[in-house]
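Please open the model in your viewer and keep the selection panel at hand, since each stop on this tour begins with something to select.

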Amino acid sequence: MRKRMLLILAYGGAALTLIIAACTPFFLMGAFSSAVAHAGLHIDAAYSGGTIARTYERHGYQIVVHVPVHTRALQRVDPFVQIDFKPVAALPAVVDEEVDLDGDGLNDVHVTFAMDRSPGAKLRGNVVALNDKYQTLMDVGADSFSQLLVNTGDEVVVRVPLNTESASR
Amino acid sequence: MNVPAPAYRTIGRSALLTLPIALWALLMFTPTFRNANRNQSIGAAVVILFMTGLFFMMMRTGATYRWRRIFFVALGFLFPVGFITSLIAERGTMSIPIERMVSGDTPFCFMVTPSIILPAAFARTVIFPGSILPSATNPHSIAVMIGLWFALTLVMGKAWCSYACFFGGIEEGFAGIRKRAKIRKLDPRLRLIPWAILLFVVLLSAAIYEPVYCMWLCPFKAVTEFPAVRSVQTALQFVVFIVLFAGLVVVLPFLTKKRTQCGFFCPFGAFQSIFNKINPFEIRFNREKCVDCTLCQTACPTMALSADSIREGKTLLNCMKCGACVDACKKDAAVWHLKGTEVGVKPERARLLFLYGAWGLATMFGGSILANSLATMLHLMHWN
């Protein structure tokens with residue numbers, strides 16, 4: 001009896017793998033992908049920049065400020081706040097903006113960079129902190145995940161490191 | 001006088017058994033014919049013939065490893081051609097700049113999967129600079145690639161490493177060059193290293209919130225994409241990738257005739273071994289027929305056999321069901337086996353049941369990579 005049960009289970013299992021194989025390209029792969037997509041996962045904020053806090057409208061373009069990203073104890077990325085200037089096509093030849101990052105009505109950083117739209121061009125610019133909550137970055141480009149001024153194609157992403165020393169005071 | 005061994009099956013019977021795979025291959029590539037340019041259609045047609053032809057030879061000769069290896073080596077060497085060409089066409093370089101990472105455009109590779117598990121499980125955070133959902137700029141999103149990997153793993157278990165992994169074929173190619181191994185004595189403890197690396201990578205990735213294997217240890221970054229060299233750290237990463245690739249994927253396989261990266265390094269391979277436990281197919285040894293000649297042990301590309309395991313009639317957990325031991329055994333002691341059935345009873349049925357699933361998905365997944373790479377090569381040769 002046990003042997004018979006084992007045989008049924010064995011061939012049942014083998015048949016199941018064949019059914020899974022046959023269904024994979026048509027809907028099973030999609031179903032598994034959908035399950036992953038709906039699992040409530042999100043990309044780590046050190047890569048994605050975190051959620052959006054507020055958006056400022058300018059003449060034809062937007063400045064999007066993200067919620068500050070506070071990284072974990074052993075993470076090698078310093079805490080930062082991300083600012084997006086978009087769309088790239090609408091940005092002026094020279095962007096020179098003071099931005100309120102924390103929404104207190106006072107500007108926190110002064111961002112300046114020249115837009116170079118030639119293919120493969122690397123942006124560089126300055127981010128001057130207007131108070132001690134943020135760090136000043138001079139001639140910043142694609143330096144690190146927390147010190148950044150890059151053109152992603154759709155937007156210019158600027159990441160300003162938080163001044164953790166002032167925060168701890 | 002050498003008398004050629006009789007064919008395992010007649011041409012007619014082999015063709016009949018191949019028919020489902022031929023129809024499956026046609027089904028898989030029909031959309032390509034509908035929507036493709038000439039190069040893509042040629043690539044698809046070649047792959048249909050290639051995969052069907054190899055399966056026919058498996059049926060005709062009764063051998064598995066020899067024919068599977070042709071597909072697998074082709075996959076290993078053609079995947080980088082298609083991938084690198086698409087990278088260069090899209091961004092002009094193999095390196096991935098930080099701006100592509102922050103915009104979530106890094107294609108997800110299944111080898112990162114073990115690294116992201118703990119943060120995903122406990123913090124719902126994916127520590128990879130890709131995107132969860134596919135986009136126009138990144139069709140190889142995390143959800144798509146994990147969905148694909150999981151479906152294939154349910155069917156194949158650890159056989160993923162010999163029927164689906166688009167990297168393993170590179171070292172299998174280099175391992176097949178020499179007739180005899182130059183280095184024959186390998187410490188059996190080497191096979192524990194992937195488990196150690198897996199543990200190290202999983203824990204360190206969770207601690208520092210970085211895909212450690214991907215950032216520092218993956219030899220295949222040398223033939224796919226790597227972080228753009230813009231600092232001392234990225235330069236060091238690049239050197240590590242090149243050294244690991246040259247050592248583990250080219251030189252050592254050539255000298256040992258083993259898949260050294262897969263057998264002695266790859267943490268994803270160790271992770272994949274766990275799925276052998278839930279897969280109904282395995283290789284077993286009929287002790288009544290076994291004469292302890294160790295031909296199977298010599299043939300095994302990943303040292304998934306030990307004297308003890310053969311005595312127990314089993315392979316080790318890291319067996320990737322490539323069929324090398326079965327093909328090498330002159331006494332028919334090494335057999336394909338369906339768990340729950342008697343060892344050595346109807347082994348060909350177990351082989352067929354396994355091969356239909358594994359080859360079918362290899363045709364779908366690896367076949368589409370091959371077709372794409374062939375189309376790319378034709379395009380580069382200005383065929384069209």
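Start with strands E10 and E11 of chain A, which pair in the antiparallel sense over four bridges. Bear in mind throughout that this is a predicted model. Within this pair, select A:Asn151 and look across to its opposite number in E11(A), A:Val156. The hairpin that E10(A) and E11(A) form has four residues between the strands, and there A:Gly153 takes a positive phi near 110 degrees.

Keep E11(A) selected and extend the view to all of its residues, 156-161. How many of these residues are buried? The count is six of six, so the strand is mostly covered. The cover applies to both faces: A:Val156, A:Val158 and A:Val160 are buried on one side, while A:Val157, A:Arg159 and A:Pro161 are buried on the other.

Next, add strand E4 of chain A, residues 80-86, which pairs with E11(A) in the antiparallel sense over six bridges. To find one of the pairings, select A:Phe80, whose bridge partner in E11(A) is A:Pro161.

Now zoom out to chain A as a whole, where three helices and 11 strands can be coloured by type. Read from the N terminus, the elements follow the order α-β-α-β-β-β-β-β-β-β-β-β-β-α. The radius of gyration of chain A is 24 Å, well over the 15 Å that the globule rule gives for 169 residues, so the chain is more spread out than a compact globule. If you draw a box along the principal axes, the C-alpha atoms of chain A fill roughly 80 × 45 × 25 Å. Of the 169 residues in this chain, 34% are buried. Among the contacts in chain A between residues at least 6 apart in sequence, 43% join residues at least 24 apart.

With chain B displayed as well, select the contact region, in which 39 residues of chain A meet 44 residues of chain B. On the chain A side, helix H1 (2-37), strand E1 (42-43), helix H2 (45-48) and strand E10 (147-151) each supply at least two residues. The largest share of that side, 19 residues, comes from H1(A). Colouring the residues of that side by class divides them into 23 nonpolar, 13 polar and three charged.

For a closer view of the two chains together, select E1(A) and strand E2 of chain B, residues 125-126, which run parallel and are joined by two bridges. Here A:Ile43 stands opposite B:Val126 in E2(B).

The next selection is the largest nonpolar core, which holds 162 residues and in which A:Leu148, B:Leu152, B:Ala358 and B:Leu361 touch the most other members. Helix H17 of chain B, residues 347-380, gives the most to this core, with 15 residues. Centre on B:Leu152 and, leaving aside residues up to four places away in sequence, you will find that it touches B:Trp160, B:Ala164, B:Leu361 and B:Phe365.

Finish at B:Phe354, which lies in helix H17 of chain B. Is this residue buried or exposed? B:Phe354 counts as buried because it has 29 C-beta neighbours inside 10 Å, where 20 or more are required. Beyond residues up to four places away in sequence, B:Phe354 touches B:Phe281, B:Lys321 and B:Trp336. As a last distance to draw, join the C-alpha atoms of B:Phe354 and B:Trp149, which are 205 residues apart along the chain and separated by 17 Å.

How values were computed:
Residues numbered from 1 in each chain as written. Chains lettered and ligands numbered in written order. Predicted model: local features only at pLDDT ≥ 70, side-chain atom pairs only at ≥ 80, totals over all residues. Rg over C-alpha atoms; globule rule 2.2 N^0.38 Å. Buried ≥ 20, exposed ≤ 12 C-beta atoms within 10 Å, placed from the backbone. Contact = placed C-beta atoms within 7 Å. Core = buried A, V, L, I, M, F, W, Y, C linked by C-beta atoms within 7 Å. Nonpolar A, V, L, I, M, F, W, Y, C, P; charged D, E, K, R; others polar. Pairing = 2+ DSSP bridges.
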